[in-house]
Amino acid sequence: DSIRLLSNGDRVQLRWSSEPGVTYRLETRDLSGSADWEMVGDYEATATAIEAVVANEFDTRCFRVQRLE
C-alpha cells in the first residue's frame, strides 16, 4: 500500500490504509545524507486509515510505515 503525503510548509500530513486493532510504526529519514531511519511514532489503528501530522524539518524527507506484530 502507499502513503498519501501532503506538505504545507512546516507540516507534513501522512495517511495510509490500516486494519483496526493493529499498531503501525511511522519512520523517517533525511535523503540528503546516509542517515538511519528514525521513529516518528507508533499508531494504533481504530479505523481503516491512519492520519499523522509531523514537522517538516528537512527539504528532502522519506517516510515508511511498518506493521507491528
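Let's start with one pair of residues: Leu5 has Leu14 as its bridge partner in strand 2. One thing to keep in mind as we go is that this is a predicted model.

That pair belongs to a bigger ladder. Strand 1, residues 3–7, is joined to strand 2 by five bridges, and the two run antiparallel. Between them sits a hairpin turn with three residues between the strands. Which residue there takes a positive phi? Gly9 does, with a value near 80°.

Now stay with strand 2, residues 11–17, and look at its two faces. On the covered face you will find Val12, Leu14 and Trp16. The uncovered face carries Arg11, Gln13, Arg15 and Ser17. So our opening residue, Leu14, points to the covered face.

Strand 2 also has another partner. Strand 5, residues 49–55, pairs with strand 2 in the antiparallel sense, over seven bridges. If you want a landmark on screen, find Ser17 and look across to Ala49 in strand 5, which stands opposite.

Let's move to the other group of strands. Here three strands form an open sheet, in the order 4-3-6, with antiparallel pairing. Which strands are at the edges? They are strand 4, residues 38–44, and strand 6, residues 61–68, and each of them pairs on one side only. Neighbouring strands in this sheet are turned against each other by 20° on average, ignoring direction.

Within that sheet, strand 3, residues 23–30, is joined to strand 6 by eight bridges, and these two run antiparallel. A pair to click on is Arg25, whose bridge partner in strand 6 is Gln66.

Time to zoom out. How many helices and strands does the protein chain have? There are zero helices and six strands, so if you read along the sequence, the pattern is simply β-β-β-β-β-β.

What about overall dimensions? The C-alpha trace spans about 35 × 25 × 20 Å along its principal axes. The radius of gyration is 12 Å, which agrees with a compact globule, because a globule of 69 residues would have a value near 11 Å.

Two more numbers tell us about packing and surface. Of the 69 residues, 25% count as buried. The accessible surface comes to about 4700 Å², and 42% of that belongs to carbon and sulfur atoms.

Finally, the contacts. Taking those with a separation of 6 or more, 63% are between residues 24 or more positions apart. Have a look for some of them on the screen, and thanks for listening!

Terms used. Residues numbered from 1 in each chain as written. Predicted model: local features only at pLDDT ≥ 70, side-chain atom pairs only at ≥ 80, totals over all residues. Heavy atoms only, no water. Pairing = 2+ DSSP bridges. Helix = DSSP H or I, 4+ residues; strand = E, 2+ residues; numbered from the N terminus. Axes fitted to C-alpha atoms, helices over the stretch in contact; angles between N-to-C directions. Rg over C-alpha atoms; globule rule 2.2 N^0.38 Å. Buried < 20%, exposed > 50% of the residue type's maximum accessible area, 1.4 Å probe, protein only. Contact = heavy atoms within 4.5 Å. Areas by Shrake-Rupley, 256 points an atom, 1.4 Å probe, with all protein chains shown as cover.
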